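Take a moment to look over the sequence and the fold. The paragraphs below walk through them step by step.

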Amino acid sequence: CFYCMCSICVRCYSVLLACVVFVLDVAVFHYSSQSKVLLHFVNQNGMKTSVTGTEGESLLDVVVKKNVQIDGFGACEGTLSCSTCHLIFEDSMYDRMETMADDEMDMLDLAYGLTKTSRLGCQVTLQPWMDGMTVRVPQEVKDQRDVQETKSKQ
Amino acid sequence: MSTSYSFEFQQYGKLTIVHSVNACNLPQARHDIVVDIYERLPVPFGLVRFGVAPDHPEVKNVINTFTQTAHSERFYFHGNVNVGMDISVEELKEAYHAVVLSYGAEGNRSLAVSGEDLIGVFSARDFVGWYNGHPSNKELHPDLNCETVVILGQGNVALDIARVLLSPLDMLKKTDITQRALQTLAASRVRRVLMVGRRGPLQIAGTIKEVREMINLPGTKADLLPVDYDGIAEALNDLPRPRKRLTDKQAMGIRFLRSPVKVLPGADGKRVAGIRLAVKKLEGSGEGAQAIPTGHTEDLECGMVICSIGYKSLPIDPAVPFDPRRAIVQNNLGRVQGTAGLYCSGWLKRGPTGVIATTMNDSFDTARIILNDLEAGTLDMSIHKPGAQDITALLKARGVREVSFSEWEKINSEEVRRGEALGKPREKLLDVEEMLAVAWS
């Protein structure tokens, strides 16, 4: 015991124990938040790009840091002021995600090619259970043939 | 001597720069493309600078992406060049493999009612240009000494204007709204803003985020008539509940099924005192619903009328085929009709609607079309084109001096410096001469 120099001071031991537990907690937290999450981005041509993100990062962070080539992604830099980070998820993944806030829904509504499992990438935070997840980059433009068809019908 | 393709984009809207993002960041094959943007003002970015509301700074983050592109060594900005006046589209076509027109829509759809010319009637574009520091609107001097302002239109622009008119000054003074506008708003007597639309609540052009902002604006109560929402309970559920606060001294209201018939003058015959509206009823539903006259009219007292009924593109060069009815350049998927090597993009191509993301995607479309044409040989890359070299020489001979991107960055630094002194992100220079003096200093 540092204070009273006796060998069995409960107060000092409990303080020491608390410190040890705290340090362990921090270590556990630190190590678990570093868990890597494997992601597969598939674009509209079917081309797959695989990258690893870190738990706690948003999908926008991953796209930016890992230089995933998606035209015009994240124009508003994650401030819920656009819909350019729109991504499409597998049903099982989508269902496990936290529900969307109104803010996100308002912007997602304006996204092109919206689906039932669409989310804004800047609002999706990586969790360990997302390891191996496939994310589809939405079709941002109509197929040129569709555009032609529409025009000829007008 | 490299065979370089030079694209020229006459920029009025921000999307030409986005365009070149696609052109410049192409994988492998296209390292030989050079992009030149010609812009009438000394400053770039178009509507991102002059259209986006001052209290939506996050929307302007896209400027960072544009700036990144602009720093590419195959990109050049040529500000202070008026295409159509200083240089013709034909001359540009001679100097470049491809020319893309994306100068947006600077005109307004006309109200076409009597009284449109009275003092106190403004186009939304001019009013927004005034608080956003557009050089051509600096002498607007709107008189906010009246209690009620009527805005015709219910799109996002109308919602922005209503919000700026009624926002607490504490919120506005931290934005990049011009100091002049801030001072005018500080002295404003406006307490009520009514947004009037032709059709019903389900046809409103504004998007939900902006409507939500309106309803939650501090100090302002939402003035919505229950009768307007009869029979559309589901739509009502989607709208956030308007919170009635007794202390709210201001009101922002929406009126449906009203269409302007006449702007009414006051006693002096020169200034707006009210507006006469025709009462409509809705036939059909959804996007195709039509507003049919009922024969009744209604008069609203107001001191200002702002027309926010849509923008319109203007022709800048007789050599470019223009469709006056749709007010767009005649095109097929962005290829200008009847001529090779000329393209259009954005609002000039599709009409003036859509948010940034919509127009951005359209830019990518246009870029793909150009690349298709390059690969198909429709654009002949074997011919040497002089590009900016010739154009700059021509301009110089005509006494026109350009502003480069790094010169714009001097203007940018000066604006940020002036803003710092006022606790704002920037204080925009309002005067083209002043901009040029800073750019060329």
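**A walk through the model**

Start at one side chain in this predicted model. B:Val43 touches B:Arg49, B:Phe50, B:Phe77, B:Trp408, B:Ile411 and B:Met435, leaving aside residues up to four places away in sequence.

Now widen the view. B:Val43 belongs to the largest nonpolar core, which has 39 residues. B:Val43, B:Val62, B:Tyr343 and B:Ile411 have the most contacts inside this core. Several elements of chain B each supply at least two of its residues. The strands are β2 (33–39), β3 (75–78) and β4 (98–102). The helices are α2 (47–50), α3 (62–70), α12 (356–376), α14 (405–422) and α15 (432–439). Helix α12(B) gives the most, with seven residues. Another core lies apart from this one. That second core has 37 residues, including B:Ala162, B:Leu165, B:Ala222 and B:Ile306.

Step back to chain B as a whole. Chain B holds 15 helices and 20 strands. Of its 441 residues, 56% are buried. Contacts in chain B often bridge long stretches of sequence: among those between residues at least 6 apart, 75% join residues at least 24 apart.

Next, take a pair of helices. Helix α6 of chain B covers residues 156–166, and helix α9 of chain B covers residues 208–215. They pack at an angle of about 20°, with their axes 10 Å apart. Angles under 35 degrees count as roughly parallel, so α6(B) is roughly parallel to α9(B). The crossing of α6(B) past α9(B) is left-handed.

Which residues in α6(B) and α9(B) meet? From α6(B) come B:Asn156, B:Leu159, B:Asp160 and B:Arg163. From α9(B) come B:Glu210, B:Val211, B:Glu213 and B:Met214. By class, this contact has three nonpolar, one polar and four charged residues.

Finally, turn to chain A. A:Asn45 sits in the loop between β1 (36–42) and β2 (48–54) of chain A. Is A:Asn45 buried or exposed? Its relative accessibility is 68%. The cut-off for exposed is over 50%, so A:Asn45 counts as exposed. Now find A:Val137. A:Asn45 and A:Val137 are 92 residues apart in sequence. In space, they are 9.7 Å apart, C-alpha to C-alpha.

Technical notes: Residues are numbered from 1 along each chain as its sequence is written. Chains are lettered from A and ligands numbered from 1 in the order in which they are written. This is a predicted model: local features need pLDDT of at least 70, side-chain atom pairs count only at pLDDT 80 or more; totals for chains, interfaces and linings use all residues. Side-chain values use heavy atoms; hydrogens and water are left out. A nonpolar core is a set of buried Ala, Val, Leu, Ile, Met, Phe, Trp, Tyr and Cys residues joined through side-chain atoms within 4.5 Å. Buried means under 20% relative accessible area, exposed over 50%, partly exposed in between (1.4 Å probe, protein chains only). Helices (H or I, at least four residues) and strands (E, at least two) are DSSP runs, numbered from the N terminus. Contact means heavy atoms within 4.5 Å. Axes are lines fitted to C-alpha atoms, for helices over the stretch in contact, and angles run from 0 to 180 degrees between N-to-C directions. Angles under 35 degrees count as roughly parallel, over 145 as roughly antiparallel, 65 to 115 as roughly perpendicular and the rest as oblique. A crossing is left-handed if the near helix is turned anticlockwise from the far one by less than a right angle, and right-handed if clockwise. Ala, Val, Leu, Ile, Met, Phe, Trp, Tyr, Cys and Pro count as nonpolar, Asp, Glu, Lys and Arg as charged, and the others, Gly among them, as polar.
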